[in-house]
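Work through these exercises with the structure open. Try each task before you read its solution.

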Amino acid sequence: MNIYVCIKQVPDTETKIKLNSDSTGIDPAGIKWVMSPFDEIAVEESLRVKEKNAGSTLTVISAGPARATESIRTALAMGADNGIHIELPENVDNNTIAKALAGALKKEAHFDLIFTGKEAIDDGSAQVSQILGEFLDIPSITVAVAIEYGAGTVKCKREIEGGSFEIIEAALPVIIAGQKGLNDPRYASLPNIMKAKKKEIKALKAADVGVSDADQKIRFKNYQLPPPKQAGKKLTGDPAAQAKELVRMLHEEAKVI
Amino acid sequence: MTWQTFVFLPIALGAFGYSFYRFQLLFQMMKAHRGNSNRLDNIPARIMTTIVNVLGQRAVLENKGPGIMHTAIFWGFIIITTGTLEQFVSTIYQGATFEFMGQSLYSGWLFLQDLATLAVLLGVFYASYRRYVVRPVALGKSKDANIVLLFTGSLMVAIFLMNSFHIAGTHPWYANSLFVSQWLATRLGGLASEPTNAALGTFFKWVHMLIVLGFAVYIPRSKHLHLVAAGPNTFLKTLPREKGMTPINFEDESVQQYGAAKVTDLSWKDALDYYSCTECGRCQDLCPAFNTQKPLTPKMLITDLKHNLYANKDKILAGKLDEVSHIIDQNVNEDVIWACTSCRACEIACPVFIEHTDKIYDIRRNLVMMESRFPPEVQPVFKNMETNGSPWAFSSADRAKWAEGLSVKTMAEDSNVEVLLWVGCAGSYDERNKKVLRAFASILKKAEVKFSILGSEEQCTGDPARRIGNEYLFQTLAKANIETMNRYSVKRVVTACPHCYNTIKNEYKNFGGNYEVYHHSEFMAKLIAEGKLKPTKSLDATITFHDSCYLGRWNNIYADPRKVITSIPSARLVEMTQHHDQSLCCGAGGGRMWMEEKIGKRINVARTEQALETNAEIVASSCPFCITMMTDGITTKEMKDKVKVMDIAELLDQTTT
């Protein structure tokens, strides 16, 4: 089986995000970059499929600036066989990334399963896996929390609104975007980290995968930091007065009721 | 030469030959270990420790009753062995005795023989009383011990009977020297004729000799192997109390196995440790894990590793190390390995200097680095250390936030300082411990000590990673910190965290980090002694001090923190039942701070109960993790309103101006 997993490198959740001087992007200084946590789930899932199906190959792909190769190494250390890096500038949109990934995948002999995380935690847009499905013209299943693998098919349990689930069955090849709960990603063993250092990462340029600036559908003009979190308020007084004040605040200040 | 010569020689040669063969197998097994251990430094100190602890029995005598018993048996046996030698000689060559040494010397020597026999016999009585009547948990049940006690007791009785019948049968000139045997002879001698008595004397001489030969055969496969192994083990012990863990060279590509998956991955010294173990259980008595119903007992760990080694004997001797079974099995399971808090109480207690913690670390190293097997809650800890340089999920940008408003400078701002204040992750991010750091910074200012911090350039020292078994992550962090400190030409470091202290002081030197390192308790005691700080406000309170393992047992610092407390006017220091090197761990060391404690009683609660028994109003400590654990313990015991947990720096800051 030929398995692919698409990952994105994002700032670590603890990183303090600062904007650059003209607010056209975030200031990269001092940022610790990590693989997006949902993508780690995707890597883990793809590793488990690979381990259950002897003779399978797992390739990890990432489209982004040169630093993205660090996250490809992380996936290789977890156990992926090959890496492909498509060099794209910072701040490209989902369409560009999906098209680049599709371009790289079309260059491969064939693919059976493609995994992604349900979203990247930096922009949180959760679109790439679906746009990729369009470009490759194959089914795309998002927010998967459980996957059953059949002969040439998959059966996915996915989260939908309202705390419910739905089951989707699809024939391979298929794209599956993993959600938290699908598995617990492994910690790379040291021999695998050492081996990963020596694995080759195939380097592709935008032109190699048929992507140009014209593919950018969204352009980011201005960034703003969210307003700082307000301190919590503690209501006092007797329960009836507290309830009354709470209703007033929810209605007038928070404007949720 | 008589018939006795021809009967004795083959039996003796057979017994000693077999014994030698077994010892040689044990030696071969020891040599087959893969791990290195270089222990031939500082020979004079090694000779000294051997004299003090083997001949002087100092470590054994730490436990009075059994210590005196052991010393009696130890010296008794050395003396008796010279007597046994005489019997061997006289059996091989009829009539040859040690009388050539002269009458007075010979009678003195004989007197010693009887005295030693009596001492050993009393020792055996005491040991049997302890083992079968008192029955301390530490001893457990042991078939080996039963056999040895029976052997030893019978041996002494045989000696007395041999001498008594010999006296009654032949009336030798030296009869009075053998004062016990002589006394016995007057009571037994009349029962039979002189020739019968003489024959009985010979009979018991044979009983005695055969028991000795039986011993020779039995020792190599019993816990009494310590007779031979404990001496060398003492000579080869780690000399300083402050010991760093052995680094792994990751550059060496020929190394394929990190840590110990199999017994043979450990070092020859580890095997000598098992050979030396007498199963006295002193390690177990002090072990915080064992005393709170965790599956770890240091004693069983050592005997289980020994049994594992023996079970793999044939494969090891055949050189088939690949086929040796894994360490982790039903006995040494993962719960055993993760239960250790690395408090080193076991190592302090061990009279033969077995080093338990190193084995646990090596087993953890294999589990973590080779197999990625560790408690799941540890994974985010590793990840946080990798990305943010802290076991907790905080941004390194926030590292200096604890010092807001204190006008503390970073090394980047001013590196021309007396000392670098190493804050540590707890001091940087933990709300409770931030206050400790603020108090200590305030003390430094009062004493006009010029210091800076590293701020966002500081990272975790790597101690938690190293103790959990992630040596690779530890070295990454250690090298980064050393690079930073050397860039600022740091000479002196002071820290409020005993874990940081131990790592920077004792472990960074293996990676090019050589600094003069102080724990804040040493630093404050020094400032007080030099008159730079003087507590003037009184603190009318009873204070009990909880020893941090990494300060006390790892670095031998017990007095300094107590000096800080007793320097405070009106402060009364009281000790808990366990203190100084007998102290009970808070439960946080060895990476346990970041693991859930699912089995047995919580260690911090057990320690808190000891603190509460003192009726102290303040539980003082000098370690951020101890402070967290003791605070949690006090909360659990619902004593939060009555008892405060404080760092000694806070006490000193409050009482100085």
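Helices here are DSSP runs of at least four residues and strands are runs of at least two, both numbered from the N terminus. The model is a predicted one.

**Exercise 1. Place Ala80(A) in its chain, then decide whether it is buried or exposed.**

Solution.
Step 1. Find the element. Ala80(A) sits in the loop between helix H2 (68–78) and strand E5 (82–87) of chain A.
Step 2. Apply the cut-off. A residue is buried if 20 or more other C-beta atoms lie within 10 Å of its own.
Step 3. Compare. Ala80(A) has 27 C-beta neighbours inside 10 Å, so it counts as buried.
Step 4. List the partners beyond four places in sequence. Ala80(A) is in contact with Val5(A), Val43(A), Leu58(A), Thr59(A), Val60(A) and Ala75(A).
Step 5. Check a distance. Ala80(A) and Ala109(A) are 29 residues apart in sequence, and their C-alpha atoms are 18 Å apart in space.

**Exercise 2. Do the burial step for Ile79(B), and find what it touches.**

Solution.
Step 1. Locate the residue. Ile79(B) lies in helix H3 (residues 64–92) of chain B.
Step 2. Use the count. Ile79(B) has 18 C-beta neighbours inside 10 Å, so it is classed as partly exposed.
Step 3. Name the partners, leaving out residues up to four places away in sequence. Ile79(B) touches Leu112(B), Gln113(B) and Ala116(B).
Step 4. Take one of these partners. Ile79(B) and Ala116(B) are 37 residues apart along the chain, yet their C-alpha atoms are separated by 6.5 Å.

**Exercise 3. Describe how H23(B) and H26(B) pack.**

Solution.
Step 1. Read the geometry. Helix H23 (residues 559–566) of chain B packs with helix H26 (residues 648–655) of chain B at an angle of about 30°, and their axes are 9 Å apart.
Step 2. Classify the angle. Angles under 35 degrees count as roughly parallel. H23(B) is therefore roughly parallel to H26(B).
Step 3. Give the hand. H23(B) and H26(B) have a left-handed crossing.
Step 4. Name the residues that meet. H23(B) brings Pro561(B), Val564(B) and Ile565(B), and H26(B) brings Ile648(B), Leu651(B) and Leu652(B).
Step 5. Sort them by type. The contact of H23(B) with H26(B) has six nonpolar residues, no polar and no charged.

**Exercise 4. Repeat the analysis for H8(B) and H9(B).**

Solution.
Step 1. Read the geometry. Helix H8 (residues 226–235) of chain B and helix H9 (residues 268–276) of chain B pack at about 135°, with axes 7 Å apart.
Step 2. Classify the angle. This makes H8(B) oblique to H9(B).
Step 3. Give the hand. The crossing of H8(B) past H9(B) is left-handed.
Step 4. Name the residues. His226(B), Ala229(B), Ala230(B), Pro232(B) and Asn233(B) of H8(B) make the contact with Leu272(B), Asp273(B), Tyr275(B) and Ser276(B) of H9(B).
Step 5. Sort them by type. The contact of H8(B) with H9(B) has five nonpolar residues, three polar and one charged.

**Exercise 5. Which residues touch the most other members of the largest nonpolar core?**

Solution.
Step 1. Start with the core itself. It has 147 residues, and Leu420(B) and Met524(B) touch the most other members.
Step 2. Follow Leu420(B) outward, skipping neighbours within four places in sequence. Its contacts are Met411(B), Phe451(B), Ser452(B), Leu454(B), Met485(B), Val490(B), Arg492(B) and Val493(B).
Step 3. Look for another core. One of 60 residues lies apart from it, including Ala68(A), Ala80(A), Ile114(A) and Ala188(A).

**Exercise 6. How many residues does each chain give to the contact between chain B and chain A?**

Solution.
Step 1. Count the sides. Chain B gives 15 residues and chain A gives 13 residues.
Step 2. Find the elements on the side of chain B. Those that give two or more residues are helix H15 (356–370) and helix H16 (379–388) of chain B.
Step 3. Pick the largest share. H16(B) supplies it, with four residues.
Step 4. Sort the side of chain B by type. It has nine nonpolar residues, five polar and one charged.

**Exercise 7. Profile each chain.**

Solution.
Step 1. Take chain A. It has six helices and eleven strands. Buried residues make up 36% of its 257 residues. Its C-alpha trace spans about 70 × 45 × 40 Å along the principal axes.
Step 2. Take chain B. It has 26 helices and eight strands. Buried residues make up 49% of its 657 residues.

How values were computed: Residues numbered from 1 in each chain as written. Chains lettered and ligands numbered in written order. Predicted model: local features only at pLDDT ≥ 70, side-chain atom pairs only at ≥ 80, totals over all residues. Axes fitted to C-alpha atoms, helices over the stretch in contact; angles between N-to-C directions. Parallel < 35°, antiparallel > 145°, perpendicular 65-115°, else oblique. Left-handed = near helix turned anticlockwise from the far one by under 90°. Contact = placed C-beta atoms within 7 Å. Nonpolar A, V, L, I, M, F, W, Y, C, P; charged D, E, K, R; others polar. Core = buried A, V, L, I, M, F, W, Y, C linked by C-beta atoms within 7 Å. Buried ≥ 20, exposed ≤ 12 C-beta atoms within 10 Å, placed from the backbone.
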